[in-house]
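Let's take a look around the inside of a protein together. Here's a quick briefing on its hollows, its ligand and a couple of backbone oddities.

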Amino acid sequence: MARNKIALIGSGQIGGTLAHLVGLKELGDVVMFDIVEGVPQGKSLDIAQSSPISGFDAVMKGTNSYEALDGADVCIVTAGVPRKPGMSRDDLLSINLKVMEQVGAGIAKYAPDAFVICITNPLDAMVWALQKSSKLPAKKVVGMAGVLDSARFRYFLADEFNVSVEDVSAFVLGGHGDSMVPLVRYSTVAGIPLPDLVKMGWTSQGRIDEIVNRTRNGGAEIVNLLKTGSAFYAPAASAIAMAESYLRDKKRVLPCAAYLSGEYGVKDMYVGVPVVIGSKGVERIVEIELSGKDREGFDKSVVAVQTLVDACKKIAPDL
Ligand code: TXD
């Protein structure tokens, strides 16, 4: 069986980590693309030289030409400019919108059958722009945010309870921004929902509120520490989980920015919701019932995403 081909569009911090993880997990051969000359070539050569030590077989290729994407099974897009301290995700909108238009055209030409995962911020608007400019079926284009946001939530909860991260599952909905909605009642430790754990005296509501807030600000916390860029290890690991579910038809239920056409009362927009990812791409959108504060939070988040999409439409009316 031929190896899968995974194209990484953008070879910066996340792109490099993605290539390394694809190698370590033997998910397929890698093409790293970037507009900067030398960087994708240098990183892919460095990672290829680690393969005899780590024990994986994968062709690692760096390129500045879209042609090299030809026939890719998966494209993971990180191309663009990352956030600097004090800069909001939304500030990035106009710069990265133009990048999405170029990347979308490249994917449409050379990898129209690929499963496309967008990571570039502001995420929910950029994945929308990427789908519009590539014109690929909406179920083959998704955004990565929820897996990362819920991994942050899971990590903080595991740390709070001093239990394995493997036994903590968490649920984060909505846009990737300050308005994301960590759903406390659907987050569990070994199946026990958080509100029950509060009743059992494992923690207090106050601590849960603090953790929810830390999760919401998880990206900014790292930006403020790094000062010269944003998080990259956990974002890369999150996109790899999505790519793996597609390539191995695992049908994992993962929170992703997915195209909604009426689900959750939302139309023609990408918003973070739980989806099943299998060999057909987004095979199912899991529509849970939201009420009270959760519904309120979700609706607020949808408005925030809508504002960004409207801004994109204003800048690029042809999309
Ligand atoms: O949860 C999430 N979705 C995110 C998103 C979590 C963390 C970071 N998130 C966003 O991912 C971040 O705000 C950025 O928009 C992307 C990529 O982050 P990364 O840390 O990898 O940024 P880098 O290191 O700056 O890499 C971006 C690369 C860099 O090498 C540029 O030269 C390249 O993108 N670039 C391009 N490549 C191809 N084509 C074009 N036009 C282009 N423009 C820049």
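What follows is a short tour, going from the pocket to the ligand, then to a cavity, and ending with the backbone.

Before you dive in, keep in mind that this is a predicted model. The main thing to find is the largest pocket, with about 930 Å³ of space in it, and that's where the ligand sits.

**The largest pocket**

- In all, 43 residues line this pocket, and those closest to its centre are Thr78, Ala79, Gly80, Val81 and Pro82.
- Five helices each chip in at least two lining residues: H1 (13-24), H2 (39-54), H3 (93-110), H5 (146-161) and H8 (218-226).
- H3 gives the largest share of the lining, with 4 residues.
- If you sort the pocket's lining by type, you get 21 nonpolar residues, 16 polar ones and 6 charged ones.

**Around the ligand**

- Zoom in on the ligand and you'll find 30 residues surrounding it, the closest being Gln13, Ile14, Asp34, Gln102 and Met144.
- Two helices, H1 and H3, each give at least two residues to this shell.
- H3 comes up again here, because the largest share of the shell, 3 residues, belongs to that helix as defined by its DSSP run.
- By type, the shell around the ligand holds 16 nonpolar, 12 polar and 2 charged residues.

**Backbone contacts with the ligand**

- Which ligand atom lies 3.0 Å from a polar backbone atom of Ile119? It's a nitrogen atom.
- Asn121 also has a polar backbone atom to look for, and this one is 3.2 Å from an oxygen atom of the ligand.
- Val81 joins in too: a backbone N or O atom of this residue lies 3.5 Å from an oxygen atom of the ligand.
- How much of the ligand does the protein bury? On its own the ligand would expose 860 Å², and the protein buries 90% of that.

**A cavity**

- Search the whole structure for cavities of 30 Å³ or more and you'll turn up 1.
- The largest cavity has a volume of about 30 Å³.
- Its lining is made up of Ala145, Gly146, Asp149, Val172, Leu173, Gly174, Gly175, His176, Met180 and Gly272.
- Two elements give two or more residues to that lining, namely H5 and strand E8 (172-173).
- Sorted by type, the lining of the largest cavity has 4 nonpolar residues, 5 polar ones and 1 charged one.

**Backbone oddities**

- As a rule of thumb, most residues other than glycine have a negative phi, and most peptide bonds are trans.
- Glu26 isn't a glycine, yet its phi is positive, at about 45 degrees.
- Where should you look for Glu26? Check the loop between H1 and strand E2 (29-33).
- Is the peptide bond from Asn121 to Pro122 cis or trans? It's cis, with omega near -5 degrees.
- You'll spot Pro122 in the loop between strand E5 (115-118) and helix H4 (123-134).
- Asn121 is worth a second look, then: it begins that cis bond, and one of its polar backbone atoms is 3.2 Å from a ligand oxygen.

How values were computed:
Residues numbered from 1 in each chain as written. Predicted model: local features only at pLDDT ≥ 70, side-chain atom pairs only at ≥ 80, totals over all residues. Heavy atoms only, no water. 1 Å grid on protein atoms, 1.4 Å probe; cavity = no way out; pocket = protein on both sides within 12 Å on 5 of 7 lines; lining within 4 Å. Points joined across faces, edges and corners; volume = space filled by probe spheres on them. Nonpolar A, V, L, I, M, F, W, Y, C, P; charged D, E, K, R; others polar. Near = heavy atom within 4 Å. Polar contact = N/O pair within 3.5 Å; in protein donor to acceptor, adjacent residues only side chain to side chain. Areas by Shrake-Rupley, 256 points an atom, 1.4 Å probe, with all protein chains shown as cover. Sits in = over half its atoms within 2 Å of the grid points.
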